[in-house]
Amino acid sequence: MIRLEKKGRNPFIVYGEEKSIEEQLRRNILLTTVDAMLKWSRRNSLWPLPLGLACCAIEMMGAFFARYDMARFGFEVFRFSPRQADLMIVAGTVTRKMAPIVKRLYDQMSEPKWVIAMGACAMAGGPYNSYAVVQGVDNLIPVDVYVPGCPPRPESLIYGIMKLREKIKQEREAKIL
Amino acid sequence: MKREFEKDTGVKTDIIELNMGPQHPSTHGVMRIILELDGEVIVKATPVIGYLHRGTEKIAENRAYYQVVPYTDRLDYLSPMSNELGYVMAVEKLLGVEVPLRAQYIRVILAELARIASHLVWLGSNANDIGAVTVFLYAFREREKIYDLLEAISGQRMNNAFLKIGGLAGDLPEGWIDGVRKFIKEFPEKLKDPDGLLTKNRIWRERTEGIGIIPRDLAIDLSLTGPPLRASGVERDLRKDTPYLVYDELEFDIPVETAGDVYARYLVRMEEMRQSVRIIEQAIEKLPGGPVLIDDYKIVPPPKDKVYRDIPELIHHFKLISEGFHPPEGEVYFAVEAPKGELGYYIVSDGSNKPYRLRIRPPSFVNLQALEYILPGHLIADAVAIIGSLDPVFGEVDR
Amino acid sequence: MIGPLIKGLTITFKYIFKKKFTVQYPEERRELPPRAKWLHILQRHEDGKERCVACMLCASACPTEAIYIVGEENDLENPISHGERYAKVWDLDLGRCMFCGYCVEACPEEALAMTDEYELAVPTRKDLVLHKEDLLVEPGTPPVKTWLGFYRKEPIGAMPVTRPMEVHVEYEEYLKRRGPREAHE
Ligand code: SF4
Ligand code: SF4
Ligand code: SF4
């Protein structure tokens, strides 16, 4: 978030810089290079599983089409099958009836996997503070990046994905297994 | 039921049950259909809905009247302006106010833009389901232009929260009308691209003609509305039958087809887009000057510069924002012709500042019933074409 | 069979040499229209005092209850706002907000305005709640006059051309003063 960054608070620096000796030993030279390679390739071709549940799905589709064209970043392939995707974009309201399905789809994705919660509903229930809506998809699955908006502009989503790439870069070690 | 495959080959087969959805690219949201299949042929289809039930109606009972408007945006999220229109007009009917003429014309323009935007998504996704991906790209390109117009007027691309009970949140920004003029001038030309790719295309016609026929009687029995009804040969359009706003001063035709199949619904919607362009053209020509909000400070907030200056206006402002207004006791039903069909709002008022009950009649919900009747007998590959042609939007079906 | 194919391909090939429709987003940020309803700011008077007087109107106008305010009496010696009270806590929950602009419309002090900042992604749910410190502008920032609640006077003349709006002009000036937004990342 630019506002926070201007005030000297980058919320995206999540991992500390200092490393213990033990850890440095573990990350010997070969592994670090392989690590960097893996992370580089992963962050540059995330294949999203578009979980379009409500209004936000339309803006997500907007981000994939001509005007914003996410293919520029290597995200061109929509994978409707969770087995082939490594990024889940939860776009829309997760209701109680839908919750088990969201959870199952997440479980079916193969590691490593990331999740973006797009829109107020997916982040925290949004405008729907009601009996039928799960108050945030992070009650079900871990979320890496939250993209606020109702619905977020396609640019907001792209910004969120850029931030996710930063985050993958910062991850301590690529999850090899 | 004697099964085809068994009849032909003598091999005994079982009926298999197939779950389509809720996460499926061509159910247009979150619907599940339990299909019972005999080989490739559907013998029974049971739609299961409710995966997007968000409790809008219940939430509305706990909000002041003016606070419900943004929630109605999110019903049929392909055309937020039409939903707002239905709701604000229902409340205006309850209050017995009439908005200024200029606001009415602008509302017509916005509602027709919303209709085009909604039909474009339908066009793109229905064609995409059948296999013509290019059309989707063209449709979304045009839709982006409508988004730009809506953003310039309301500040948001979707879910605009722009209509107010008693008028509009603001007058048109400078140059907006020129933007609309440019759009409607170019749009029919651009619509020729998907038209050229589909209308006479043999593959498209073979996939759509004679598929998913809704006979006229069935359409009436199921009380379908909107394009599915008009494609079955019934000429019903609330804009003509019970004219609201200024539709009776504008000239337009209602496209009607008699075949009742997917192709007929395609033709009806394509023609509706062209008619919408016609309506907008006339509305722009006739657009009068004047205010866009009524002057009753019990219903609409007073202008801000007055609020800063005058004490009575400041009091009105505080009272209206913190409490809302109290419409008289009673009940109203008001319906508009949304892109999907008859979108009705039924409001029961007990005289307090919140609706006692808000019931929404969503057109897609009613139209979706037809699935159960028309899917059996078709190949499973045709199911996506039929679902797409009914154009359900689940924000509205499940509310 | 060949006829329709050629026809289809003519339509698609037509676009090869057309102007590209794509916005190169992170490098090129489209300027939003002046009415854009994105992240809120809390404004200050020219003398650096906060405008918000903790009247709670924005919180009660909000359909989603996204705003949480705790007001406190001003210290007479060293007031924080011009009114009797000021907002000790002013939190906005982006996890609820639907950017409808009703709060801005409600604010009687022009304390709230909406900007065109839409790059809002955050990594944890805690960061979704923005506090007063995050939203408050620096002292000396030129005021943004919002359109919400202002654009209602009738345009002069009967024809559809709407008159140039002062607010619009002011916003344009603000954009000019602010200068181009530096490209981030
Ligand atoms: S966040 Fe807003 S736009 Fe997105 S699904 Fe929820 S209500 Fe719809
Ligand atoms: S923009 Fe709307 S939802 Fe967001 S804080 Fe303001 S009133 Fe509430
Ligand atoms: S922001 Fe405005 S409306 Fe909200 S408490 Fe402050 S002065 Fe009142």
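Which helices of chain A each supply at least two residues of the shell around ligand 1? They are helix 4 (55-64) and helix 6 (119-124), helices and strands here being DSSP runs numbered from the N terminus (H or I over at least four residues for a helix, E over at least two for a strand).

The model is a predicted one, in which local features need pLDDT of at least 70 and side-chain atom pairs count only at pLDDT 80 or more, whereas totals for chains, interfaces and linings use all residues. Residues are numbered from 1 along each chain as its sequence is written, chains are lettered from A and ligands numbered from 1 in the order in which they are written, and side-chain values use heavy atoms, with hydrogens and water left out.

**Ligand shells**

Ligand 1 lies between chains A and B, and helix 6 of chain A gives the most to its shell, with 3 residues. A residue is taken as near a molecule if one of its heavy atoms lies within 4 Å of it. In the table, Ala, Val, Leu, Ile, Met, Phe, Trp, Tyr, Cys and Pro count as nonpolar, Asp, Glu, Lys and Arg as charged, and the others, Gly among them, as polar.

| Shell | Closest residues | Classes |
|---|---|---|
| Ligand 1, 14 residues | A:Cys55, A:Cys56, A:Ala120, A:Cys121, A:Cys150 | 8 nonpolar, 4 polar, 2 charged residues |
| Ligand 3, 14 residues | C:Cys52, C:Cys55, C:Met56, C:Cys58, C:Cys107 | 13 nonpolar, no polar, 1 charged residue |

**Chain B**

Chain B contains 18 helices and 8 strands, and its C-alpha atoms fill a box of roughly 90 × 45 × 35 Å along the principal axes. Of its 399 residues, 66% count as buried, that is, with under 20% relative accessible area for a 1.4 Å probe and protein chains only.

In helix 17 (residues 380-390) of chain B, 9 of the 11 residues are buried, so this helix is largely enclosed by the rest of the structure. Among the buried residues are B:Asp382, B:Ile386 and B:Leu390, and just after the helix B:Asp391 takes a positive phi of about 55 degrees.

Strand 7 (residues 341-349) of chain B is also mostly covered, with 8 of its 9 residues buried. Strand 7 of chain B pairs with strand 6 (residues 330-338) in the antiparallel sense over 9 bridges, two strands being paired if DSSP finds at least two bridges between them. A hairpin of 2 residues joins strand 6 to strand 7 of chain B, and B:Phe334 stands opposite B:Tyr345. Strand 7 of chain B also runs antiparallel to strand 8 (residues 357-361), joined by 5 bridges, with B:Gly344 opposite B:Arg361.

**The sheet of chain C**

In chain C, 3 strands form an open antiparallel sheet in the order 2-3-5. Strand 2 (67-73) and strand 5 (129-130) of chain C stand at the edges with a single partner strand each, so one side of each is left without a neighbour in the sheet. Strands 2 and 3 (residues 85-93) of chain C pair over 7 bridges, and C:Glu72 has C:Tyr86 in strand 3 as its bridge partner.

**The largest cavity**

The largest cavity has a volume of about 160 Å³ and is lined by 14 residues, of which B:Tyr66, B:Lys164, B:Pro301, B:Leu320 and C:Glu105 lie nearest its centre. On a 1 Å grid over the protein atoms alone, a cavity is a set of points where a 1.4 Å probe fits but cannot get out, and lining residues have an atom within 4 Å of a point; a volume is the space filled by probe spheres set on the points, which are joined across faces, edges and corners. The lining divides into 12 nonpolar, no polar and 2 charged residues.

Key
1 Å grid on protein atoms, 1.4 Å probe; cavity = no way out; pocket = protein on both sides within 12 Å on 5 of 7 lines; lining within 4 Å. Buried < 20%, exposed > 50% of the residue type's maximum accessible area, 1.4 Å probe, protein only.
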